[in-house]
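Biologist: I would like to learn how to read a structure feature by feature. Could we go through one together, slowly?

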Amino acid sequence: MIVYLLRRFVTMAMTLLLISALVFLVIKLPPGDYLSNQIDELRAQGDAAAAAKAEFLRHQYGLDLPVWRQYLAWIGVMPGPSGFSGLLQGDWGWSFEFQKPVNEVVGTSLGLTVLVNIAVVVFIHLIAIPIAIYSATRQYSVGDYAATLVGYIGLATPNFLLALILLFYLNRWFGISIGGMMDPRFANEGMSWAKAQSIASHLIAPVVVIGLSGTAAMIRRMRANLLDELQKQYTVTARAKGLKPLPALLKYPFRMALNPFVADIGNLLPHLVSGSVLVSLVLSLPTVGPVLLQALKQQDQYLAGFILMFVAVLTVVGMLISDLLLATLDPRIRFGKRG
Amino acid sequence: MEKKDAGRGTALQEPLVSIRDLAVEFDGDAGLVHAVRGVSFDVHAGRTLAVVGESGSGKSVTANAMLRLLPRRGRIGRGSIVFRDPSGGAPVDIATLDADGDGIRQLRGGRIAMIFQEPMTSLSPLHTVGDQVTEALVIHRKVDRAVADKEAMAVFERVGFRDPKRMLTTYPFELSGGMRQRAMIAMALICKPALLIADEPTTALDVTTQAQILALIKELQRETGMGVLLITHDLGVVANMADEIVVMYRGEVMERGMREEIFRRPQHPYLKALMRAVPRFDMRPDERLTPIREIKVDAAALEHGAAKPLPAGRTVLEVSGVTKTFTLRAGAFFGKTERISALSNVSLSIPSGTTVGLVGESGSGKTTLSKIIMRAMGPDTGTVRFDDGAGLRDVFALRGAELKAYRRAVQFVFQDPFSSLDPRMTVYDILAEPLRVHGIGDSDAQFERVKDLLGLVGLDQRSMRRYPHSFSGGQRQRIGLARAMALNPSVILCDEPTSALDVSVQAQILNLLKDLQAALGLSYLFVSHNLAVVDYMASEIAVMCRGVIVEQAPRATLFRDPRHPYTQALLAAVPSPDLDHPLHFERVVEGGFSNPAEWAPPFTLIPGETCPAMVEVAPRHFVCMAAEAPAPLMRAAS
């Protein structure tokens with residue numbers, strides 16, 4: 001087990017290294033960088049002093065170095081203009097756009113992103129699993145058809161559209177503003193009970209909007225999985241022992257049907273970070289998504305690089321978690337045999 | 001037909017279960033399906049009632065109805081199932097209970113227990129055997145964990161597990177099929193039920209394991225006095241297990257009575273036909289099985305068969321000294337590797353126009369051998385040679401066009417007719433595919449060839465446009481055979497071609513194979529675990545165990561004079577549908593005969609120390625005995 005974990009950690013590190021190289025390469029692919037673009041602009045405006053200052057900054061941040069030197073300095077295995085100071089040392093770099101260190105730019109939004117997305121994951125599972133169980137055990141009943149219909153509508157509705165509709169009608173009918181993460185008056189306050197309440201009430205709409213298609217997809221897949229498992233002989237065996245229908249369902253077929261979802265956790269985490277950009281824009285949520293979009297457009301390289309690396313780390317860690325969970329849930333994987 | 005109890009001479013107590021005029025219906029896609037139509041029978045305490053019938057006869061549906069475990073589309077149309085609990089309480093009519101109510105749940109697992117055909121799928125792979133076995137006890141007697149574990153260990157010991165304590169934490173996939181079925185039996189018996197319903201309990205098992213499980217059920221019945229309802233299609237099992245017999249056909253009872261009457265004086269034509277369709281050991285060499293529906297081979301189609309067989313008697317395929325070892329990595333977390341010797345020093349030759357039978361239990365290496373012959377994998381050592389008319393040549397040296405010609409000449413018929421045909425291809429596509437792959441003929445010629453092939457296996461021309469799902473198991477197997485015939489092969493490897501089929505259909509397929517052989521001079525390697533079937537088909541039989549051919553002889557010699565302890569055990573374990581040849585249960589329960597290290601000298605084989613060698617004990621009769629190993633080679637294989 002320990003050997004296995006060590007092996008996994010080594011492969012994870014290799015994967016992340018590879019991803020970091022790719023990420024940096026992709027960000028640097030367009031010609032120029034944030035500062036050189038700015039310098040061009042300033043020169044065009046004839047502001048030589050500002051241009052000279054930018055030129056100085058460019059040197060200061062090592063943007064005039066070759067790409068590979070920049071990369072190695074960024075991850076922290078080579079000294080940059082200010083010594084060893086890269087991701088490995090915990091220095092996430094400088095955002096040119098915001099004129100702040102990256103950790104200050106994304107610090108709060110990362111927390112909020114994680115909060116929103118955990119809420120979404122919980123929401124998806126809480127809603128989808130009971131509905132899926134209901135419709136699998138009552139296949140072709142009215143309720144099943146209704147759930148299926150709602151599910152398809154959920155799948156087919158674009159998130160941002162739903163967000164716009166909600167934004168408009170909730171405000172019009174109930175006078176609620178659902179944009180943002182909290183009431184603006186709490187924005188600069190410390191955490192308090194009232195602030196938490198405000199955040200919670202503002203969470204509802206984004207969670208529903210972001211989670212709807214996921215819920216619909218999960219209902220469909222869970223229902224299909226369960227239907228397969230319900231046909232299996234061991235389900236009949238459980239009933240033949242005299243188990244009540246619901247415990248029999250939860251203990252045997254349901255547990256089997258969970259496997260693919262556990263295996264999905266690795267994909268779920270990063271998708272939730274990067275997948276809700278549109279909705280976050282529409283609802284003006286201060287999550288990482290819009291920041292990433294902006295950073296990519298402006299070639300704010302350290303900021304974009306950091307966010308992409310963050311997503312990559314989430315993916316890799318998510319994969320590890322799902323593999324470990326699978327092994328806990330399914331003894332066949334633990335012992336490496338098929339049965 | 002009233003049951004004739006007079007023969008027993010005793011006033012019987014009231015039956016445990018009385019089923020009267022039971023009808024079960026299903027909502028099918030094409031309207032109501034009457035799966036069971038007015039069935040009546042009784043099951044008595046301490047006795048075994050066997051329900052015999054082919055698939056689709058309604059026997060399993062009847063059993064499921066007795067526990068109200070029918071699928072959602074099924075329901076009891078009319079009739080009663082009265083259960084009288086011998087431990088007291090008023091008789092209950094199960095047919096009137098709520099299918100998911102408390103009443104039936106108290107009976108399920110507590111008073112009436114059920115074991116199923118597939119021990120592989122009847123247990124959940126995610127829960128330990130201990131958990132699943134004690135579950136019924138916890139539900140019905142509300143005991144705590146410690147008591148439940150203790151009782152489970154007692155039952156484990158009773159059903160023959162050597163280490164009962166370990167079984168509590170063992171997962172089903174760590175057990176062999178026979179062991180899983182024992183676990184199922186333990187699960188069924190832990191609450192000491194009054195009635196055990198066994199739905200094809202041994203169909204998926206090897207013969208020796210089957211004999212052990214049957215012996216176990218018999219023994220437990222003697223101890224507990226429970227009634228047993230045994231559902232099976234195997235008349236051999238029935239002859240050895242049943243006190244009374246009910247024969248079902250298309251949802252109705254055709255005949256019922258005591259075992260003696262049924263076997264000595266079968267009345268109903270269906271039963272008589274069924275009995276004639278079962279291969280027996282005492283058949284004359286030229287005797288033919290009589291299937292209920294015989295297949296006519298289209299004589300005109302035979303004319304187009306272009307295969308020109310070798311002169312009879314010449315060796316068409318020869319396997320010599322083939323050894324194959326697999327390396328397993330056991331577990332992602334505990335990276336141990338394990339070497340398994342799948343085949344060791346196997347030699348076999350198939351004379352043209354004959355059938356060589358290969359008998360062995362699961363895991364004996366039969367499939368590995370056929371894969372090596374097909375050139376789907378290579379052996380570690382040894383050769384496979386094939387004669388296409390120009391003399392024997394090493395199959396593994398063939399390249400390019402020669403290899404392609406070999407692929408055409410050696411074809412395969414699979415065991416499972418359901419998964420070996422692509423459900424998305426029509427019969428025409430399935431049969432024409434090999435022709436297309438090998439670029440034979442234009443589309444008109446291919447069409448003609450497919451028509452001929454269907455004629456060969458006795459299927460109607462109109463089947464061409466249909467999909468496999470609309471055919472029965474036997475018909476699908478015929479399509480599989482037609483596909484194998486498409487390229488005019490000279491050798492066909494038949495891997496358990498009838499083990500998934502009913503006896504009457506099995507007789508059809510076996511006769512068809514024989515007819516095609518007689519007409520086209522085909523050679524077969526016929527792999528099966530069913531000795532009677534191999535006996536019917538093959539002229540030469542090889543018995544395989546743990547990758548070693550232990551005995552090889554002409555058919556008559558092998559059955560008359562088996563020398564090897566494994567062959568003897570195998571023969572003793574086959575239940576014969578003949579009352580005068582009962583199974584010797586006391587012999588089979590000993591076990592150990594499939595472990596080469598436990599064979600009596602001089603047959604003892606200890607991996608790594610001894611090497612199998614074939615010794616000719618009588619003309620053409622070879623038995624495997626131990627010889628000193630060429631040390632380094634065998635040590636690696638252990």
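Modeller: What follows is a short walk through a predicted model, from the whole of chain A to single residues in chains A and B.

Biologist: Where should I begin with chain A, and how many helices and strands does it have?

Modeller: A good start is the count of regular elements, and chain A has 15 helices and two strands. Its C-alpha atoms fill a box of roughly 85 × 60 × 35 Å along the principal axes.

Biologist: Which residues of chain A does UniProt list under "transmembrane region"?

Modeller: An annotation is read from a record and then set beside the coordinates. The unreviewed UniProt entry lists residues 9-27, 110-133, 145-170, 199-219, 261-283 and 303-329 of chain A. Two of these spans can be looked at in the model: residues 110-133 are 100% helix and 0% strand, with end C-alpha atoms 34 Å apart, and residues 199-219 are also 100% helix and 0% strand, with their end C-alpha atoms 28 Å apart.

Biologist: How do I read the surface and the charges of chain A?

Modeller: One can ask which atoms make up the surface and where the charges are centred. The accessible surface of chain A is about 17400 Å², and 69% of that belongs to carbon and sulfur atoms, while 42% of the 339 residues count as buried. Chain A carries 26 positive and 18 negative charges, and the mean positions of the two groups are 18 Å apart.

Biologist: What is the phi of A:Gln99, and where is this residue found?

Modeller: Here we read a backbone angle together with its place in the chain. A:Gln99 is not a glycine, yet has a positive phi of about 55°, and this residue sits in the loop between strand E1 (94-95) and strand E2 (100-101) of chain A. In chain B, Glu496 also has a positive phi, near 50°, and B:Glu496 lies in the loop between strand E17 (491-495) and helix H17 (503-520).

Biologist: Why does B:Glu496 count as buried?

Modeller: The test is a cut-off on relative accessible area, since buried means under 20%. B:Glu496 counts as buried because its relative accessible area is 7%.

Biologist: Is B:Val278 buried or exposed, and which residues does B:Val278 touch?

Modeller: B:Val278 is buried, with a relative accessible area of 10%, although this residue lies in the loop between helix H10 (269-276) and helix H11 (299-304) of chain B. Leaving aside residues up to four places away in sequence, B:Val278 touches B:Leu235, B:Leu289, B:Val503 and B:Pro577. Separation in sequence and distance in space are read side by side: B:Val278 and B:Asn530 are 252 residues apart in sequence and 11 Å apart in space, C-alpha to C-alpha.

Notes:
Residues numbered from 1 in each chain as written. Chains lettered and ligands numbered in written order. Predicted model: local features only at pLDDT ≥ 70, side-chain atom pairs only at ≥ 80, totals over all residues. Heavy atoms only, no water. UniProt positions renumbered as here; feature names shortened; annotations may be inferred. Helix = DSSP H or I, 4+ residues; strand = E, 2+ residues; numbered from the N terminus. Buried < 20%, exposed > 50% of the residue type's maximum accessible area, 1.4 Å probe, protein only. Areas by Shrake-Rupley, 256 points an atom, 1.4 Å probe, with all protein chains shown as cover. Lys, Arg positive; Asp, Glu negative; His and termini not counted. Charge placed at Lys NZ, Arg CZ, Asp CG, Glu CD. Contact = heavy atoms within 4.5 Å.
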